[in-house]
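I open this notebook to record what I looked up in the structure shown below. The entries follow the order in which I consulted it.

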Amino acid sequence: MSAGGAGEEATSSYSPQTMMGIGIIGGLVGIYLGALLSPTHPVLSFLGGIGAICAIVWGADAVRRVASYGLGTGVPSIGMIALGMGIVASLFGLSIGGSFAGPIVAFISAATIGAIIGLLANKVIGMGIPIMEQAMVEIAGAGSLVIIGLCTVITGTFEYSAVIENVVAPGYIAMIFIFGGMGILHPFNANLGPDEKQDRTLSVAIEKGALALVVAGIASAINEGLEAAFVTALIGVIIWYLAFKKYFEFVKRDAHKVVGTGMLPTEEELQ
Amino acid sequence: MEPLIGMGVLALMGVAATIAGASEDLESDVGSQSNPNSQVQLAPQMMFPHRIYNKAVSGEPPSNALMSAIGATCAVVFMDVFSLSPLFALVLGAFIAACIHGTFAITSVMGRSASQQRFKQPVYMDIIRSHTPVIMGYAFITTFCILVISYLLNVVLGHPFPLPLLAFIWGITVGAIGSSTGDVHYGAEREFQQFEFGAGLNASNSGNIVRKAESGLRNGYDNSWFCAKFGGPVTGIAFGMTVFLGNWITTVFDPVRGLGWLSVVAGALIVLILIIWNRKIEVTARKAFGPYKEDKVEEEATA
């Protein structure tokens, strides 16, 4: 057994297909609802952030599955590559997809880039991880949906010109890039170990996604107004609180023991 | 801009960078982030459960980039929407970033300990309650200093990149320097100080980190106390020099005045001097200290 995971397929109570469904459908529905309803009331742009949280949960699950093959210190790298692929695909997709098909074109482009990188990793570099190709497709797709979702929160639309003007030019894209990446990589990295559990890892993904929603909400104040910013940040804080509470319950369930303070376990206890 | 004002701003950036480097390294040491973390993670698996904070947020560069980018994003909003003074906005931005970093620290220490259930590693709540505010405090200092550097670069020196992007880049840089400079002092010298100095890490000693302190059981405070003596300050000097020298060449040989190529030459010269200087330090240190030798007087006394 390695410190970086079991070195074998991860055991899951939610299947990869379920997670994919949550990520793709939840992500796209959230993004489209956010963009379509935002003109009626700017407050509703937070729906894009809900889509981003769905995508973060999916991405974290994909990282969990691929990193269980003993990636160890490669976990942060895989999160960074997810958003690296996602950012290229998102801007490409939004620029050629127009005002309606943008997110879908971006998602398909991301999946294509992911497939190529997955093939390169396994066939050329020879990493030999059985699910590498599929995982890279999933991670890249999730990365692109996270970026577009958080852009929708900030601008209220995913139109290319608006995203360039209100997200890329002021530099918020740097925050979206790194928060999206950390949202996808941190859950598994934080729970790494032989007794890692899927539900505990995914509760961290929701918790970090909610924090990304809070910061994107604050950033939306410039375009969407103070009311929208406040409501989005408040929704983020509520989701964060509920997810963190759930996570702590999972920790208490899974840990050897949770103690206020105490000495180290004795030799007899360790036997 | 007047060259003298430019140099003054540069000096201020250098000072902020030195503080940022030192606090970044100590922040990672309190929580055992980055390279030394692998041994903290491995210890319970080798039957060495411990009371050391296992802050596996990610590598140092991404986590510092995250803090800095969040701080800068919030600061920009506070300056634009609420018309706050830059100093106040930077402080508020750094505060929000430090709070979010605190949540990252807590989820990692709890998660990593819970995932070692079969090795009977407990989750010590007093360690989480006492260490997390210290981690957030250091994170606040680091983020604030990075924001000061980025703000001066953007507003006073007229760098074309927006504030969040500059903060993101400097966040990655301070994390990378903290990871490469400061970690050596904590990992090799502190975690394995019960073994011969300079002996390297034998595979059979993996995970056998020092778990007992001068008084009681060792924790992250003891490690930051040790690292504050050398690892933290040396990281500060390294990052301060990077920021100062990196910008000094273009301030003195300003590309706007047609001296762009001279700044490239000056940069290459500085790198060359540093390489030679480092090599000399290394050779001198090896000659002076060399491999560990047993004290002859002690040997005779025991005989």
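**Entry 1: Chain B as a whole**

I began with chain B, which has ten helices and one strand. The model is a predicted one, and I read every entry below with that in mind. Reading from the N terminus, I noted the order of elements in chain B as α-α-α-α-β-α-α-α-α-α-α. I then looked up its extent: the C-alpha atoms of chain B fill a box of roughly 70 × 50 × 25 Å along the principal axes. Of the 303 residues in chain B, 50% are buried. I also examined its contacts between residues at least 6 apart in sequence, and found that 78% of them join residues at least 24 apart.

**Entry 2: Two serines with positive phi**

Which loop of chain B holds B:S32? I located B:S32 in the loop between α1 and α2 (37–42) of chain B. Its phi is positive, about 55 degrees, although B:S32 is not a glycine. I asked next whether B:S32 is buried or exposed. B:S32 has 30 other C-beta atoms within 10 Å and is therefore buried.

I found B:S34 in the loop between α1 and α2 of chain B as well. B:S34, a residue other than glycine, has a positive phi near 70 degrees. I counted B:S34 as buried because it has 27 C-beta neighbours inside 10 Å.

**Entry 3: B:I96 in its helix**

I turned to B:I96, which I placed in helix α4 (residues 86–114) of chain B. Why does B:I96 count as buried? The reason is that 21 other C-beta atoms lie within 10 Å of B:I96, and the cut-off for a buried residue is 20 or more. Leaving aside neighbours within four places in sequence, I recorded B:I70, B:G71 and B:C74 as the contacts of B:I96. I also looked up the separation of B:I96 from B:F140: their C-alpha atoms are 8.6 Å apart, with these positions 44 residues apart along the chain.

**Entry 4: The buried side of α7(B)**

Which residues of helix α7 (residues 220–227) of chain B are buried? I listed B:G220, B:D222, B:N223, B:S224 and B:C227. I then asked what these residues pack against. The buried residues of α7(B) pack against α1 (3–30), α5 (125–156), α6 (163–190) and α8 (231–252) of chain B.

**Entry 5: Confidence in chain A, and A:L37**

Before reading chain A in detail, I checked its confidence. The mean pLDDT of chain A is 91, and 96% of its residues reach 70 or more. Within chain A, confidence is highest in α9(A), at a mean of 96, and lowest in α10(A), at 84.

I then looked up A:L37, which lies in helix α1 (residues 16–37) of chain A. With 17 other C-beta atoms within 10 Å, A:L37 is therefore partly exposed. Apart from neighbours within four places in sequence, A:L37 is in contact with A:L44 and A:L47. The C-alpha atoms of A:L37 and A:L47 are separated by 8.8 Å, and the two residues are ten apart along the chain.

**Entry 6: The crossing of α3(A) and α6(A)**

How do α3(A) and α6(A) cross, right-handed or left-handed? I recorded a right-handed crossing where α3(A) passes α6(A). The two axes come within 8 Å and cross at roughly 145 degrees. On the α3(A) side, the contact is made by A:V75, A:P76, A:I78, A:G79, A:M80, A:A82, A:L83 and A:I87. On the α6(A) side, the contributors are A:F177, A:G180, A:G181, A:M182, A:I184, A:L185, A:F188 and A:N189. I sorted the residues of this contact into twelve nonpolar, four polar and no charged.

**Entry 7: Where the chains meet**

Finally I examined the interface, where 48 residues of chain A are in contact with 52 residues of chain B. Several elements of chain A each supply at least two residues to this side, among them α3 (74–124), α7 (198–219) and α9 (226–254). Which element gives the most? I found that α6(A) does, with eleven residues. The side of chain A that touches chain B comprises 31 nonpolar, ten polar and seven charged residues.

I also noted strand pairing between the chains: two bridges join β1(A) to strand β1 (residues 123–124) of chain B, and these strands run parallel. The bridge partner of A:V258 in β1(B) is B:V123.

Technical notes: Residues are numbered from 1 along each chain as its sequence is written. Chains are lettered from A and ligands numbered from 1 in the order in which they are written. This is a predicted model: local features need pLDDT of at least 70, side-chain atom pairs count only at pLDDT 80 or more; totals for chains, interfaces and linings use all residues. Two residues are in contact if their C-beta atoms, placed from the backbone, lie within 7 Å. Helices (H or I, at least four residues) and strands (E, at least two) are DSSP runs, numbered from the N terminus. Ala, Val, Leu, Ile, Met, Phe, Trp, Tyr, Cys and Pro count as nonpolar, Asp, Glu, Lys and Arg as charged, and the others, Gly among them, as polar. Two strands pair if DSSP finds at least two bridges between them. Axes are lines fitted to C-alpha atoms, for helices over the stretch in contact, and angles run from 0 to 180 degrees between N-to-C directions. A crossing is left-handed if the near helix is turned anticlockwise from the far one by less than a right angle, and right-handed if clockwise. A residue is buried if 20 or more other C-beta atoms lie within 10 Å of its own, exposed if 12 or fewer, and partly exposed in between; C-beta atoms are placed from the backbone. pLDDT is the predictor's confidence in each residue, from 0 to 100.
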